Structure formats: structure tokens, C-alpha cells
Amino acid sequence: MLALLVAATCVRLGIWQLARLHQRRARNAAAVAARDRPPVELSGAVAAESVLDRRVHARGVYDFANERMWRPRSFEDMPGVDLVTPLRLPDGSAVLVDRGWARSADAYHVDQSALREPDSTAIVGLALAAPRGHGDVDPKRESLPYRLLPFVVQALPDGRGAGLRRWPAPELTDGPHLSYAIQWFSFATIIVVGLVVLVRKERSERELPRTGLSH
């Protein structure tokens with residue numbers, strides 16, 4: 001019966017969402033463990049897969065001439081932009097550093113020169129995958145005079161920032177998978193209960209004429 005097939009599909013989708021929830025929790029646990037490890041000294045020889053979700057220590061010189069803005073980006077419901085600046089490392093390579101958020105009335109323009117930090121710096125940040133869908137901060141979309149590492153370092157709060165608001169480490173959540181699973185199981189339950197009610201109603205309607213004839 002079609003209704004039972006749809007109900008079974010809903011149950012299967014619910015189980016799939018629970019499996020995704022378990023996978024996400026496992027990734028979150030791995031990320032928490034990685035963040036608790038000592039910072040990695042960053043250089044061009046570091047493999048991206050070995051540092052993602054880990055704290056890194058980066059020393060170098062900011063290239064403010066090639067700074068980019070990720071816009072618009074809101075913070076606590078306020079409009080603003082995010083400043084992403086290449087940091088040239090001692091070995092000649094570079095990494096994009098998310099230096100933080102600045103308020104902007106139109107969420108597009110900001111006085112970048114007023115938000116500069118000392119050129120030479122040392123930061124501790126979190127290595128994160130480069131954002132996708134934002135060409136102005138995607139390192140693969142722009143040619144620079146040095147090799148960029150394939151990830152972004154989010155500078156962690158340190159009391160500095162030249163007026164910028166450092167982002168906290170990204171929150172690790174369970175996501176929507178549990179609520180999706182409950183929805184799919186609810187759909188399956190509604191279909192099965194509705195089917196049972198319908199079958200009983202049809203059976204009662206068939207038995208009514210027989211009851212009338214027996215009197």
C-alpha cells in the first residue's frame with residue numbers, strides 16, 4: 001500500500017538523520033580534542049588536514065595592501081564587515097587571518113586604515129576551512145605575489161585588535177538533525193495512525209448494513 005511505503009520512507013529518513021547526528025557529534029568531539037592540544041607553529045610546510053580546528057601560532061608581517069573585507073557580516077544584530085588580512089610568514093608563504101569584525105553603518109564601508117594593527121605580529125588563532133561562496137575572501141579566487149595556505153586563521157580574543165571585535169571560536173552544536181529525525185518519525189506515525197483509523201472506519205461502514213439486516 002502506498003501509505004505504508006511513504007511511512008517506511010519517513011522512518012528511513014529519520015534513521016538517516018540520527019546517523020548524521022552521531023557523525024556530527026563524533027566530529028565535534030574530535031574538534032574539541034584538537035582545540036585542546038598545544039598550538040602548532042605555522043609555516044608553509046604544515047599540511048591543512050593536520051591543523052584544521054586546531055590552535056596555531058603564526059608569526060609574520062601583515063600585508064594590508066591586499067586586505068579583504070567579508071561583507072556584510074552582522075554581530076549581535078549590528079551591521080558590519082569582517083577584515084581578512086594576509087599574514088606573510090618567515091618562509092615566504094602566507095595565510096589569511098580573520099582579524100575580526102568592525103561596525104559599519106551600511107555593512108559595506110569602513111575605514112580600514114584606522115583598524116590596522118602593527119605590521120609585524122604574532123597571533124594565536126584557530127585554523128578553519130576557507131569560507132565558500134564569498135569571493136572577496138576566497139584565496140583561490142585572487143592572485144597574490146605569494147603562496148597562500150589553503151585555510152584561514154581566525155584570530156582568537158587576545159585584548160588587541162585595534163578596535164576590531166575578535167570572533168569567539170565557532171560553536172560546536174548538534175545541528176538540526178535531531179529535530180529533523182523527530183519530524184520524519186512524526187510523519188510516519190501520523191500516516192500509520194491515519195491509515196489505521198481509515199481502515200477501521202471503512203470496516204465499520206461495511207458492517208453497518210449487515211447489522212441493519214439482522215434486525
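This report describes strand pairing and nonpolar packing in a predicted model.

Residues are numbered from 1 along each chain as its sequence is written, and side-chain values use heavy atoms, with hydrogens and water left out. Because the model is predicted, local features need pLDDT of at least 70 and side-chain atom pairs count only at pLDDT 80 or more, whereas totals for chains, interfaces and linings use all residues.

Strands are DSSP runs of E with at least two residues, and helices are runs of H or I with at least four, both numbered from the N terminus. Two strands pair if DSSP finds at least two bridges between them. The pairings of strand β2 (residues 55-62) are set out below.

| Partner of β2 | Sense | Bridges | Opposite residues |
|---|---|---|---|
| β1 (residues 40-41) | parallel | 2 bridges | Glu41 and His57 |
| β6 (residues 120-129) | antiparallel | 7 bridges | Val61 and Ser120 |
| β4 (residues 80-88) | antiparallel | 2 bridges | Tyr62 and Leu87 |

A nonpolar core is a set of buried Ala, Val, Leu, Ile, Met, Phe, Trp, Tyr and Cys residues joined through side-chain atoms within 4.5 Å, where buried means under 20% relative accessible area with a 1.4 Å probe and protein chains only. The largest such core has 19 residues, and those with the most contacts inside it are Leu42, Val95, Val97, Phe151 and Val153. Two or more residues each come from α2 (48-51), β2, β5 (94-103), β6 and β7 (148-155), with β7 giving the most, 4 residues.

Beyond its neighbours within four places in sequence, Val97 is in contact (heavy atoms within 4.5 Å) with Tyr62, Leu83, Val84, Thr85, Leu87, Ile123, Val153 and Ala155. Another core, of 8 residues, lies apart from the largest one and includes Ala94, Leu96, Leu144 and Leu148.

Notes. Buried < 20%, exposed > 50% of the residue type's maximum accessible area, 1.4 Å probe, protein only.
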